[in-house]
Each structure stands twice: as structure tokens, then as C-alpha cells.
Amino acid sequence: MRDAGRVLPRNDPRQYDDLADEWWRPDGVFAMLHWLARARAALVPPATRPGALLVDLGCGAGLLAPHLAGKGYRHVGVDLTRSALAHAAAHGVTAVNGDATAVPLVDGCADVVAAGELLEHVPDWRAAVAEACRLLRPGGLLVLDTLNDTALARLVAVRVAERLPTVPRGIHDPRLFVDDRELVAECARHGVDLRVRGVRPGVPGLLRWLLRQATGAPTPPAQAPRIVPTGSRAVLYQGHGVRGG
Ligand SMILES: C[S@@+](CC[C@H](N)C(=O)[O-])C[C@H]1O[C@@H](n2cnc3c(N)ncnc32)[C@H](O)[C@@H]1O
């Protein structure tokens with residue numbers, strides 16, 4: 001990834017500044033984040049109390065927001081990247097500029113914590129998990145998705161994906177990918193019983209989307225690929241779990 005003539009290191013957050021205009025383009029380089037946001041939001045039940053808070057760690061431009069509409073949460077997003085937060089705020093997210101490993105919010109404030117496609121970008125992902133669990137009230141829900149620390153994930157998400165025009169080069173550093181068993185163990189250490197399952201884009205929708213991309217035809221949102229469960233967690237996986245009392 002180049003920035004003003006310089007080559008940025010892998011996973012450099014300044015890449016998100018360069019790509020700021022891409023966030024809300026449904027067929028742009030962050031298209032898959034839109035599909036994943038929809039799948040993540042499907043794991044979030046309607047709020048059970050007035051004033052319920054959902055803290056979205058590494059919220060980016062707030063792509064989760066439209067999928068939470070009507071569920072009754074106040075959506076607070078925390079992110080390192082100010083340019084992304086500006087877009088998030090424009091979509092109704094209360095934006096907090098901060099690090100997911102040191103979140104400026106009080107213990108137990110959140111009914112739901114979301115961490116979508118975040119952990120594989122954080123050099124100390126364990127610290128981000130500790131923060132996510134700290135923010136949850138007892139009975140609160142953690143929802144996340146991330147890339148697994150496997151050879152297959154490195155092949156698919158870096159070597160293959162980054163050759164496609166629809167994926168930014170250097171956006172991932174494969175050394176930061178997160179082993180699913182270690183993640184489950186870390187969540188358990190912090191009182192959250194995380195259940196994980198593999199996910200991937202559904203094949204028919206993905207093929208239709210790729211065909212439209214090749215012909216330059218826009219994809220109507222209703223026809224965007226769906227994220228579906230799959231038997232293997234080796235590449236991309238989703239987790240959800242409740243914090244014990
Ligand atoms: C792949 S994007 C995902 C954005 C959003 N969760 C979504 O799914 O659309 C990763 C986001 O994490 C943010 N990020 C990376 N490291 C972070 C950290 N330590 N603390 C907070 N945000 C971070 C980046 O700025 C970027 O917005």
C-alpha cells in the first residue's frame with residue numbers, strides 16, 4: 001500500500017485514511033466488511049432494556065449501524081482511525097477515538113460488545129479481548145469475527161485475496177491472525193463462554209457478485225453475497241458468547 005509515495009508497512013492504520021472514501025461503497029474494497037457486518041448483526045438480539053449500549057470495537061466507518069437499526073441500542077464505536085470515525089458518526093454512531101486495548105469506557109457498561117474484523121489487526125489481541133470482556137456487563141454478549149492463524153488463512157486472505165482488485169494490498173499482516181482455540185481460551189479466562197463457527201461467503205452470491213464486478217455492474221444491496229456457516233474454521237470464523245455473572 002502506498003501513501004504519498006511511501007510504501008506503508010502491512011497493517012499500518014494509515015491505510016484506512018487512504019481508503020476512507022471506500023468504506024460505504026457497497027462494491028468497493030471493503031465490500032466484504034458490509035457482508036460480514038450484516039452477519040454479525042444477525043447475532044445481536046433486540047435490546048432487553050431501555051438505554052442498552054452496544055460498544056463496537058474497531059468500528060471503522062460504522063458499517064454495523066444500518067443492521068442494528070430498530071434493535072434498540074445506543075451504538076458507540078471505538079477506533080484508532082479518525083477518518084473512519086467521521087463516517088461512523090455520520091451514520092449515527094457515537095464515535096470514540098481510542099485504542100481497543102485501552103478503551104476509555106467504564107467496566108460493565110456494555111450490553112453487547114462487537115469486535116468485527118478487528119483482532120487480526122491488533123498486535124496484542126489478548127489485550128483487546130480483555131478490554132472487550134471488561135466492558136461487558138454480566139450477561140452481556142460478545143460478538144466477533146476474525147481470521148484464523150492457519151496456513152490456509154494466510155493463503156486465502158493474503159496471497160490469493162490481495163491479488164484481486166477488490167482487496168487492498170497489505171491490509172493484513174498474517175503474523176497477527178488469531179488462533180480460534182487460543183481465542184476461546186482467552187475469552188474463558190475473562191468469563192466469556194465463546195462459541196465459534198467457520199463462516200464464508202455463500203458461493204452463488206459470491207459468483208454473481210464477481211461477475212457483476214467484472215462487468216462493472218453495481219450489485220443491489222439485497223443481492224449482496226450472504227455470509228453462511230461452514231464446517232471449517234480454518235480461514236474466517238465468527239464467535240459469540242455471554243459473560244458469566
Ligand atoms: C478491517 S477494519 C474493520 C472495521 C469494522 N469493524 C467493520 O467490520 O466494518 C479494522 C478497523 O480496526 C481499526 N483498528 C485497528 N487496530 C485498532 C486498535 N488497536 N484499536 C482500535 N481500532 C483499531 C482500524 O482503524 C479499522 O477501522
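**Pocket, ligand and helix**

Tutor: By class, the second largest pocket is lined by 10 nonpolar, 3 polar and 2 charged residues. The model is predicted, and local features need pLDDT of at least 70, side-chain atom pairs count only at pLDDT 80 or more, and totals for chains, interfaces and linings use all residues. Residues are numbered from 1 along each chain as its sequence is written, while side-chain values use heavy atoms and leave out hydrogens and water.

Student: What makes a residue nonpolar, polar or charged?

Tutor: Ala, Val, Leu, Ile, Met, Phe, Trp, Tyr, Cys and Pro count as nonpolar, Asp, Glu, Lys and Arg as charged, and the others, Gly among them, as polar.

Student: Okay, but what makes something a pocket?

Tutor: On a 1 Å grid over the protein atoms alone, a pocket is an open set of points with protein on both sides within 12 Å along at least five of seven lines, and lining residues have an atom within 4 Å of a point. About 250 Å³ of space lies in this one, the volume being the space filled by probe spheres (1.4 Å) set on the points. Among the residues closest to its centre are Pro26 and His34.

Student: Why is the pair between aspartate 79 and the ligand called a polar contact?

Tutor: A polar contact is a pair of N or O atoms within 3.5 Å. A polar side-chain atom of aspartate 79 lies 2.6 Å from a ligand oxygen, so the pair counts. Threonine 81 also has a side-chain N or O atom 2.6 Å from a ligand oxygen, and a polar backbone atom of leucine 80 is 3.3 Å from a ligand nitrogen.

Student: How do you know that α8 has the expected span?

Tutor: A helix is a DSSP run (H or I, at least four residues), and its expected span is 1.5 Å times one less than its number of residues. With 13 residues, α8 should span 18 Å, and its end C-alpha atoms are 18 Å apart, so the two agree.

Methods: A polar contact is a pair of N or O atoms within 3.5 Å; within protein, one must be able to donate a hydrogen and the other to accept it, and residues adjacent in sequence count only if both atoms are side-chain atoms. Helices (H or I, at least four residues) and strands (E, at least two) are DSSP runs, numbered from the N terminus.
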